[in-house]
Structure formats: structure tokens, C-alpha cells
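Trainee: Could you take me through this model and explain how its descriptions are reached?

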Amino acid sequence: MAVQSPAEVHIFDSAASEAVRMDELVGYCEGLLPPFRIVRHQDFFIFCAGGVEGAGVSAFKDRVAGRLAASRVGRPSGPAGEVNPLPGVVDYERRMLDREPPRPIGALYDGYDLCRAYAEILDWSGRRLEGWTIVITNQLLGTLEQHDARYHAKVSIYGHPCLISTTGLVEAPARPRDYYLARGLGLHAGRARGGADDFLERDDPRTTEALKGYLAQAFFYHLVGEPFCEDASCRLYNAHWQAELIGAQLGANPGLCGRHRRMLGEILKESAACGNAKCIKP
Ligand SMILES: [Zn+2]
């Protein structure tokens with residue numbers, strides 16, 4: 001399978017954490033996908049507002065705030081967008097748009113609806129991006145799970161654009177059962193870094209290394225339609241526990257499994273040999 005155009009990947013840093021080293025992430029992506037031009041951006045919303053002319057910016061932000069508020073999950077079990085958002089929620093989102101990242105966290109957004117919201121906001125802005133768009137955010141994303149009809153936090157949402165949450169890295173994969181037991185008893189849960197009791201914390205210095213695997217998942221989502229791998233040692237492993245995340249992303253030599261390395265190699269080789277002008281050339 002040859003890779004059709006786009007030849008660009010746009011990565012936005014809306015998390016603005018010192019733990020997110022964008023230079024290193026861009027270098028990782030360039031190494032993984034040499035034919036692509038990796039374009040680094042700062043905040044997604046500042047970028048979008050930049051596409052709107054002077055006096056229209058405030059009205060644009062009002063519209064964006066309403067749309068973001070509609071993506072919020074009101075109750076752990078209630079779907080987003082069920083009712084019109086309360087004016088106070090819209091006002092909060094509007095104030096946040098006047099701030100630079102990192103913006104406060106606390107709300108839970110429906111990940112798939114937020115993905116649609118970002119696509120609409122980009123469209124309203126009039127700014128055009130060729131290729132794939134990935135937004136790294138500190139906001140918390142969730143998806144409504146059928147088995148218990150509740151929202152569960154997620155690290156990433158794969159779509160157009162792809163969203164990756166630094167707060168999700170901390171909150172979505174579960175910590176060891178002993179941690180919750182100790183917390184329930186009001187005890188401080190000790191842990192051994194690199195061991196089974198280890199977990200990522202907010203602004204953890206290992207955040208950048210972990211994000212690489214989720215960027216790789218976004219690429220495979222676009223390339224073959226499947227971001228995940230069954231191999232627990234592969235960067236594409238869909239970790240449900242912190243120990244699994246650490247095993248896949250923070251081991252001694254994290255990377256893709258043999259099958260995915262070969263798959264990516266084949267895709268890039270066929271793209272290089274393809275006569276189609278839309279194909280990516282190294
Ligand atoms: Zn794999």
C-alpha cells in the first residue's frame with residue numbers, strides 16, 4: 001500500500017507543559033516517517049483565532065466557547081450534547097480562550113464529540129492544513145463505554161484531528177489495585193519507579209517519551225486504519241493499566257514490534273517507488 005498525499009503532519013502543543021518537549025517529539029516523528037514534513041505549532045485555538053480578522057475574533061471565540069461547552073460531559077453517565085450547555089459553562093470556556101496554555105483542567109469532554117468540535121472550529125477559522133492534524137492537549141477526554149454506560153478517561157482519540165491528552169496519560173490507564181486500596185484507607189501508596197507499582201504523574205518527566213507511542217498510534221491509524229497492536233512490548237499497545245503503559249513506552253528500548261516495523265517499512269518503500277504524483281517521496 002502506497003501512502004497517498006498528505007505529506008505533512010501538523011502537531012499542536014496545547015498542553016504547554018515543560019514535560020512535553022516538542023523538539024524531541026518532532027525529531028521522533030521525522031525518524032519514524034522520513035517522507036513527511038512534520039510541522040510544529042503552538043496552541044490550536046490561538047492558531048485558529050489567527051485565521052479570523054480583527055473585529056471578528058470575539059464573535060469567533062464566542063462560537064468556539066459554545067461548541068466546546070457542548071462537548072463537555074455533564075454527568076459521568078450522561079452523553080455530551082444532551083442539553084444546551086449552561087451559560088456559566090459557556091462563559092468559563094470563553095474565558096479560557098483568552099488565556100494562553102496551560103489552561104486549567106477539571107472538565108471532562110466527550111472525546112469523539114470534541115474531535116468533531118475541533119474539526120468544525122478549524123473550518124470556521126478559514127485556516128487550511130494539508131495533511132494530518134494531531135493536537136496534544138492537557139484537557140481530559142473520555143468515551144462512553146457500552147458495557148457500563150459510563151464515561152471512561154482516554155489517553156487518545158483517533159480521528160480528524162487526532163487528540164492526545166497528557167492528563168489522560170495520568171488518569172486513563174489504571175494504577176495498581178493496591179494504590180486505590182491504600183487511598184481508600186487514607187494511606188500514602190508507596191511505589192517503586194520502573195516496577196509494577198509505578199505510574200505516571202502530572203508533568204512527569206517521562207511524559208515526552210510516553211507521548212511518542214501515542215503519536216505512532218495516530219500515524220498507524222491514518223496509514224492502515226488500526227492504531228493498536230496486541231503485542232504488549234509494542235508502542236502501539238493499547239494500555240489499560242499504568243504498568244502496561246510503562247512496559248510499552250518506557251522500557252529499556254521502546255519501539256514498534258517486528259510486525260509493525262516491517263509494515264511501516266513496506267508502506268514507506270512502496271510510497272517511494274510509486275509513480276503517482278500524490279504519493280509521498282522520501
Ligand atoms: Zn506492534
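Mentor: What follows goes through a pair of helices, some unusual backbone angles and one exposed helix.
This is a predicted model, in which local features need pLDDT of at least 70 and side-chain atom pairs count only at pLDDT 80 or more, while totals for chains, interfaces and linings use all residues. Residues are numbered from 1 along each chain as its sequence is written.

Trainee: What makes helix 3 and helix 5 roughly antiparallel to each other?

Mentor: The axes of helix 3 (residues 56–70) and helix 5 (residues 111–125) come within 10 Å and cross at roughly 170°. Helices here are DSSP runs (H or I, at least four residues), as strands are (E, at least two), numbered from the N terminus. Axes are lines fitted to C-alpha atoms, for helices over the stretch in contact, and angles run from 0 to 180 degrees between N-to-C directions. Angles under 35 degrees count as roughly parallel, over 145 as roughly antiparallel, 65 to 115 as roughly perpendicular and the rest as oblique, and the pair is therefore called roughly antiparallel.

Trainee: Which residues make that contact?

Mentor: Helix 3 contributes F60, R63, V64, R67 and L68, and helix 5 contributes A117, E120, I121 and W124, where contact asks for C-beta atoms, placed from the backbone, within 7 Å. By class, six of these residues are nonpolar, none is polar and three are charged. Nonpolar covers Ala, Val, Leu, Ile, Met, Phe, Trp, Tyr, Cys and Pro, charged covers Asp, Glu, Lys and Arg, and the others, Gly among them, are polar.

Trainee: Why is A16 called partly exposed?

Mentor: A residue is buried if 20 or more other C-beta atoms, placed from the backbone, lie within 10 Å of its own, exposed if 12 or fewer, and partly exposed in between. A16 has 17 such atoms within 10 Å, so it is partly exposed. This residue sits in the loop between strand 1 (8–13) and helix 1 (22–32) and has a positive phi of about 50° although it is not a glycine.

Trainee: What is the phi of D203, and how is its exposure judged?

Mentor: The phi of D203 is positive, about 55°, although it is not a glycine. Its 15 C-beta neighbours inside 10 Å make D203 partly exposed.

Trainee: How do you know that helix 7 lies largely in the open?

Mentor: Of the eight residues of helix 7, the number buried is zero, so the helix lies largely in the open. G186, which follows helix 7, has a positive phi near 75°.

Methods
Two residues are in contact if their C-beta atoms, placed from the backbone, lie within 7 Å.
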